[in-house]
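Got a few minutes to go through a model together? Take a look at the sequence and the structure, and then we'll work through some questions.

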Amino acid sequence: MRKKSAYVWSLVAALMMTACSSDQNDDAANVSGKTGTFELSIRFDDSSKGTRAPSTAIPSTSWSNIKQIQFFLYDNTGKIAWSAIEVPGNGAEATRKYTYATVPAATYTLVAVANAQSDNDAVFTTTSEGLKNWSVANVYQQNVANLAIKHATGSWTPAVTAGSKAETDLAGLTPHTQPSEVFMGYQTGVVIASNAPATATLDLKREVSMMRVRLDQKSYPDVVGNVDFSDAKAAVMLYNLPEQMSIREGDTGGVKTSGGNPNTVVSISTNALSVVGAYSNVSNNNDYLSGNYGWWKDVIVYPNNDGRATNATTGAKASKPYFIVICGIAKAGHHYVGGAAAAVGAPVFWYGQINEVFTPNNIREVDVILQTGGLPEPPPVIIEYGGLEITVNTPKPWGQNILTSDPIEL
């Protein structure tokens, strides 16, 4: 399958930092058993800026994107000494302020993590003891490096029916749901002292990426014109997901992928593609579609930039590119690759590798040109691709010696 991917503008949901200061005791870290007052402000605006690209739809960012926020204070050893959970609500105020009166006196790194509660969001949060769903109680005294945000278990597209060959082919993979919009914010050197109230202001920013998949079904209508992508059984599936996301500030934070066989990884399935806009700030489907692109799907994904230590921006590492599988539903007259007729309502699969990297808080547009009839089953493993450069020299001329034959008497 041929595909092309284009960089898409930066989706900026940066939170504007409000200047705050207070006189704080540098020796607070050595004060044992004392507590202090802590005022915390969180703010972001709804501005979006970046380079224009083939599609122009940027989902809005407001407090309606935030279900809840969990705050963590951890010391220089990584041990969490304090946590709180707040629900900011959908009000129009740009800033949310929270004040806490009994925070253990010391010097900390402050972390805010939004939309990462297993009970409310499409993620799976764990501690070192394997406890599901962070709370104020179960993260206390944990090392922040041991807190992980993983993909929540989901299900395959309904096109992969029970007992089908497709289900058998996918037996080595585990389906997971599209993750929630996880936001994070950090401030280092937060000093809590008993003799002076401390203040901190955080900027929240998405730690996830968005993959905008657009399908070209018109360039080769003779082979793909009889496939429906609006059916509830249609889907975009992704293989080779990062294993988890860490919340620690700095180089140790961000996404993580274990080594090993890239085929034994989790997958995401998200159903039904669209031909109309889905966001309140989008006027029409031309914000998504142009030229021959007639179907689209926005999928939230973890970045595959190797975390903050590497923060790759130009290309995914060899073992970590996303592998995309497109599933449509056959209409009357569709034929698979090789010419076999597809039954009406049967799934049709295409697949390929996305070589570009996905980075936090950015939209990457992935344009897919469907030029074959597809296959009746999804690939059971990731099909690895490599580069190939072929050089064809100028055609050789006729041989310079003209060969003769004996005369033929007729």
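Q: Which residue forms a salt bridge with Asp121?
A: A salt bridge here is a side-chain nitrogen of Lys or Arg within 4 Å of a carboxyl oxygen of Asp or Glu. For Asp121, the closest N and O atoms of the pair are 3.5 Å apart. The partner is Lys67.

Before going on, some ground rules: this is a predicted model, where local features need pLDDT of at least 70 and side-chain atom pairs count only at pLDDT 80 or more, while totals for chains, interfaces and linings use all residues. Residues are numbered from 1 along each chain as its sequence is written, and side-chain values use heavy atoms, with hydrogens and water left out.

Q: How many residues apart in sequence are the parts that Asp121 and Lys67 tie together?
A: Strands (E, at least two residues) and helices (H or I, at least four) are DSSP runs numbered from the N terminus. Asp121 sits in the loop between S6 and strand S7 (123–126), and Lys67 in the loop between strand S2 (35–43) and S3, so the salt bridge ties together parts that are apart in sequence by 54 residues.

Q: Is Asp121 buried or exposed?
A: Buried means under 20% relative accessible area, exposed over 50%, and partly exposed in between (1.4 Å probe, protein chains only). Its partner Lys67 has 45%, so Lys67 is partly exposed. Asp121 has 7% relative accessibility, so Asp121 counts as buried.

Q: What separates Lys165 and Asp169 in helix H1?
A: Their side chains meet in a salt bridge, 3.1 Å from N to O. Asp169 is buried at 18% relative accessibility. Lys165 and Asp169 are four residues apart in helix H1 (residues 165–169), so what separates them is about one helical turn.

Q: Which residue's side chain meets Glu181 in a salt bridge?
A: The N to O distance in this pair is 2.5 Å. Glu181 lies in the loop between strand S9 (174–176) and S10, and its partner lies in strand S12, 25 residues apart. That partner counts as buried, at 3% relative accessibility. The residue is Arg206.

Q: Which strands stand at the edges of the open sheet of five strands?
A: Two strands pair if DSSP finds at least two bridges between them. The order is S4-S3-S6-S10-S12, with antiparallel pairing. Each edge strand has a single partner, so one side of each is left without a neighbour in the sheet; the edges are S4 (80–86) and S12 (205–206).

Q: Which residue in S10 stands opposite Thr107?
A: S6 (residues 106–114) and S10 (residues 183–192) run antiparallel and pair over eight bridges. The residue opposite Thr107 is Val191.

Q: How many residues does the largest nonpolar core have?
A: A nonpolar core is a set of buried Ala, Val, Leu, Ile, Met, Phe, Trp, Tyr and Cys residues joined through side-chain atoms within 4.5 Å. Val113, Ile149, Met211 and Ile247 have the most contacts inside this one. A second, separate core has 26 residues, including Ala84 and Ile192. For the largest core, the count is 50.

Q: Which residue in S8 stands opposite Phe124?
A: S7 and strand S8 (residues 148–151) run antiparallel, joined by four bridges. They belong to an open sheet with the order S7-S8-S16-S17. Opposite Phe124 stands Lys150.
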